[in-house]
Amino acid sequence: MKPLTMDKKSKVEEMPEDVKDTQSVENPELDDQNINETVEEPHEEEISEEEKLRGELAKEKDKFLRLFAEFENFKKRTSKERMELFKTAGQEVMVSLLPILDDFDRATKELSKSEDKEMYKGVELINTKLKETLKNKGLEQVEVKAGDVFDAEVHEAITQIPAPDKKMKGKIIDVIEKGFKMGERIIRHPKVVVGN
C-alpha cells in the first residue's frame with residue numbers, strides 16, 4: 001500500500017491549475033489573516049495619525065485662544081493703568097497746589113480787614129480764578145461745617161475737646177483745614193476738631 005500522504009500529494013499535483021487556486025482560497029484562516037493584516041495596518045496608522053494631528057490642532061487652538069485672551073487682558077490692564085497714571089499725575093499737581101489755596105484763603109481773610117479794598121478785590125479775583133481753574137480740572141472741596149457728624153472715612157480729627165453741650169458730642173466743632181477731592185477720591189481729608 002502506498003502511503004496516504006503520497007496519494008493526496010499526487011492528486012493535488014494532478015489537478016489542473018484552476019482547481020488548485022480555488023482550493024487555496026477556500027482555506028479561510030490563512031486568507032482572512034492576510035486580508036486583515038494588509039487592510040487593518042494602514043487603516044490603524046491613518047486613524048492614529050489623524051487623531052494625533054487633530055489632538056495637536058486642538059492643543060494649538062487652545063494655546064491660541066489662551067494667548068488671545070491674555071493679550072486682551074493685557075490691553076485692558078495697560079489702558080486702565082494709563083488712565084490711573086494720568087489721574088495720579090494730575091492728583092500730584094493738585095496736592096502740591098493745595099497749600100497755595102490755603103495761603104490765598106488766609107491772605108483774603110487778612111486783606112478783608114485792611115482799608116485797601118482794591119487790593120482785597122484783586123487778590124480775591126485771583127483766588128477765585130485759581131479755584132475755578134482747578135475745579136474745571138476736577139478738584140472739589142469737601143463740604144464740612146461745624147455741627148456735622150464726625151466720619152473717620154472722610155474727616156481727620158486732629159484733636160478732641162470737651163463738647164460745649166450734649167448735642168455737639170461726637171460732632172465737628174471747628175474746621176482747621178479744608179479737605180479736597182478729585183472725582184470720588186479724597187486727596188486731602190479736612191482736619192477738624194471733634195467734641196468729646
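Which helix does Gln 91 lie in? Select Gln 91 and find out: this residue belongs to helix α3, which spans residues 28-111. Keep in mind throughout that you're looking at a predicted model.

**The whole chain**

Before zooming in, color by secondary structure. The protein chain has 4 helices and 6 strands. Reading from the N terminus, the order is α-α-α-α-β-β-β-β-β-β. Now switch on the surface: the protein chain exposes about 16100 Å², and carbon and sulfur atoms supply 56% of that. Of its 196 residues, 15% count as buried. If you like contact maps, pull one up too. Taking contacts with a separation of 6 or more, 60% come from residues 24 or more positions apart.

**Stop 1: Gln 91**

Back to Gln 91, this time with side chains shown. Buried or exposed? Gln 91 counts as buried because its relative accessible area is 18%, and the cut-off for buried is under 20%. Next, select Arg 185 as well. The side chains of Gln 91 and Arg 185 make a polar contact at 3.4 Å. Add Met 182 and Ile 187 to the selection: setting aside neighbours within four places in sequence, Gln 91 is in contact with Met 182, Arg 185 and Ile 187.

**Stop 2: along α3 to Phe 64**

Stay on helix α3 and go to Phe 64, which is found there too. Phe 64 is exposed, with a relative accessible area of 55%. Select Leu 65 and Phe 68 along with Phe 64, and you have a nonpolar surface patch of about 350 Å².

Now pick Arg 66 and Asp 62. Their side chains meet in a salt bridge, 3.0 Å from N to O. Both residues lie in helix α3, 4 residues apart, or about one turn of the helix. Arg 66 is exposed at 57% relative accessible area, while Asp 62 counts as partly exposed at 37%.

**Stop 3: from α3 to the strands**

How many salt bridges does a search of the whole structure find? The count is 11, and the next one to select is Asp 105 with Lys 178. The closest N and O atoms of this salt bridge are 3.0 Å apart. Asp 105 sits in helix α3 and Lys 178 in the loop between β3 (172-177) and β4 (179-182), so the pair ties together parts that are 73 residues apart in sequence. Asp 105 counts as buried, at 16% relative accessibility, whereas Lys 178 is partly exposed at 28%.

**Stop 4: Lys 191 and its network**

Move on to Lys 191 and Glu 177. Here the side chains form a salt bridge of 3.1 Å, N to O. Why does this pair tie together parts that are 14 residues apart in sequence? Because Lys 191 lies in strand β6 (residues 191-195) and Glu 177 in strand β3. Lys 191 is partly exposed, with a relative accessible area of 26%, and Glu 177 is also partly exposed, at 21% relative accessibility. Add Asp 102 and Arg 188 to your selection: salt bridges that share partners join Asp 102, Glu 177, Arg 188 and Lys 191 into one network.

**Stop 5: strand β6**

Now select the whole of β6. Of its 5 residues, 4 are buried, so the strand is largely enclosed by the rest of the structure. Show the strands it pairs with, including β2 and β3. Strand β2 (residues 156-161) runs parallel to β6, with 5 bridges joining them. To see one of those pairings, select Gln 160, whose bridge partner in β6 is Val 194. With β3, the pairing is antiparallel, over 4 bridges. Pick Val 175 here: its bridge partner in β6 is Val 192.

**Last stop: Asp 148**

Finish in the loop between β1 (139-142) and β2, where you'll find Asp 148. Draw a C-alpha to C-alpha distance to Gly 170 and it should read 9.1 Å, for two residues that are 22 apart in sequence. Then show what surrounds Asp 148. Leaving out neighbours within four places in sequence, Asp 148 is in contact with Glu 143, Lys 171 and Ile 172.

Methods:
Residues are numbered from 1 along each chain as its sequence is written. This is a predicted model: local features need pLDDT of at least 70, side-chain atom pairs count only at pLDDT 80 or more; totals for chains, interfaces and linings use all residues. Side-chain values use heavy atoms; hydrogens and water are left out. Helices (H or I, at least four residues) and strands (E, at least two) are DSSP runs, numbered from the N terminus. Buried means under 20% relative accessible area, exposed over 50%, partly exposed in between (1.4 Å probe, protein chains only). A polar contact is a pair of N or O atoms within 3.5 Å; within protein, one must be able to donate a hydrogen and the other to accept it, and residues adjacent in sequence count only if both atoms are side-chain atoms. Contact means heavy atoms within 4.5 Å. Patches are made of residues with over 30% relative accessible area and no salt bridge: like charges are joined within 9 Å, nonpolar side chains (Val, Leu, Ile, Met, Phe, Trp, Tyr) within 5 Å. Accessible areas come from the Shrake-Rupley method with a 1.4 Å probe; for residues, only the protein chains shown count as cover. A salt bridge is a side-chain nitrogen of Lys or Arg within 4 Å of a carboxyl oxygen of Asp or Glu. Two strands pair if DSSP finds at least two bridges between them.
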